[in-house]
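Biologist: Please take a close look at one part of this predicted model. Walk me through the annotated domain and what sits around the ligand.

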Amino acid sequence: MSQTGPDNRPAWDEREFTEQLMAKGAGYHIHHHFNVRMQQGTLTPEQIRGWVANRFYYQINIPRKDAAIMANCPDRATRRLWVERIHDHDGHGDNPGGIEAWSRLGEAVGIARDDLWSLREVQPGVRFAVDAYVNFARQAPWQEGVCSSLTEMFAPKIHKDRLASWPKNYPWIEPEGLAYFRSRISLAERDVEHGLAVTLAHFRTRAQQEQALGILQFKLDILWAMMDAIALAYD
Ligand SMILES: O=C(O)c1cc(C(=O)O)c2c(n1)C(=O)C(=O)c1cc(C(=O)O)[nH]c1-2
């Protein structure tokens with residue numbers, strides 16, 4: 001039975017709703033001019049370093065964002081899956097984790113560890129955008145926080161693009177530095193499987209489904225605003 005909201009428009013079925021979410025990929029930061037230039041190989045070492053140093057602020061805040069979603073989630077089964085995201089980034093047991101891998105990317109592009117961790121390169125626009133993501137996760141119902149992570153549907157392509165093009169375009173970057181991108185491909189696919197299942201189950205009426213598209217747009221805007229701030233600072 002298709003559910004209707006107060007305006008009586010029929011809900012999309014799961015296939016159509018998923019297609020609507022996927023169509024949001026047209027606004028992914030993969031299409032931002034700074035990313036296009038990064039991919040074409042025309043960025044200078046300073047520009048690459050600027051991007052890596054600023055994106056680090058996103059990396060260190062992802063586990064805080066995920067902890068906020070968990071804190072809002074009363075469902076133990078969901079928390080058992082969600083906690084893996086925190087382990088992925090912070091590290092767990094023998095796995096040093098994604099933040100450490102990003103630090104190694106920093107070293108591979110010529111940023112000293114202390115410089116990266118000092119956050120002194122982080123631009124105000126990047127800080128505001130990332131903080132908005134964490135604050136959203138703190139304040140919104142947990143299913144909306146989950147929905148906002150769905151830009152990860154589009155992330156495996158951007159990671160694969162970097163793995164394919166950086167070694168030939170930026171031979172000065174030590175190849176071991178790219179391990180973060182490699183690690184994220186399967187993790188993003190796993191995250192999306194879970195995040196999409198939660199989203200399809202929670203946003204049922206047409207109005208709710210459109211709200212989900214709005215949440216995904218909010219997250220696309222965060223990533224886009226980060227790129228704008230980085231492009232402005234290093235162009
Ligand atoms: O390199 C990228 O372009 C990119 C984008 C995104 C994204 O779409 O939010 C993530 C990541 N990387 C990433 O590595 C990552 O771990 C990640 C977690 C999340 C999230 O919202 O929970 N997004 C992303």
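Modeller: An unreviewed UniProt entry annotates residues 29–228 as "domain: Thiaminase-2/PQQC". In this predicted model, that stretch is 76% helix and 0% strand. Its two end C-alpha atoms lie 10 Å apart.

Now the ligand. There are 18 residues around the ligand. Those that come nearest are Tyr28, Tyr58, Lys65, Tyr133 and Tyr180.

Look at the polar contacts next. The side chain of Lys65 puts an N or O atom 2.6 Å from an oxygen atom of the ligand. For Arg162, a side-chain N or O atom is 2.7 Å from a ligand oxygen. Lys219 also has a side-chain N or O atom 2.7 Å from an oxygen of the ligand. How much of the ligand does the protein bury? Taken alone, the ligand exposes 470 Å². The protein buries 99% of that area.

Last, the cysteines. How many disulfides are there? The count is zero. Why does Cys73 not form one? A disulfide needs two cysteine sulfur atoms within 2.5 Å. The closest cysteine sulfur to that of Cys73 belongs to Cys147, and it is 15 Å away, so a bond is ruled out by distance. From the other side, the story matches: Cys147 is in no disulfide, and its nearest cysteine sulfur is that of Cys73.

Are these cysteines buried or exposed? Cys73 counts as buried because its relative accessibility is 4%, and the cut-off for buried is under 20%. Cys147 is buried too, with a relative accessible area of 0%.

Key: Residues are numbered from 1 along each chain as its sequence is written. This is a predicted model: local features need pLDDT of at least 70, side-chain atom pairs count only at pLDDT 80 or more; totals for chains, interfaces and linings use all residues. Side-chain values use heavy atoms; hydrogens and water are left out. Buried means under 20% relative accessible area, exposed over 50%, partly exposed in between (1.4 Å probe, protein chains only). UniProt positions are given in the numbering used here, feature names are shortened, and annotations may be inferred rather than shown by experiment. Helices (H or I, at least four residues) and strands (E, at least two) are DSSP runs, numbered from the N terminus. A residue is near a molecule or strand if one of its heavy atoms lies within 4 Å of it. A polar contact is a pair of N or O atoms within 3.5 Å; within protein, one must be able to donate a hydrogen and the other to accept it, and residues adjacent in sequence count only if both atoms are side-chain atoms. Accessible areas come from the Shrake-Rupley method with a 1.4 Å probe; for residues, only the protein chains shown count as cover.
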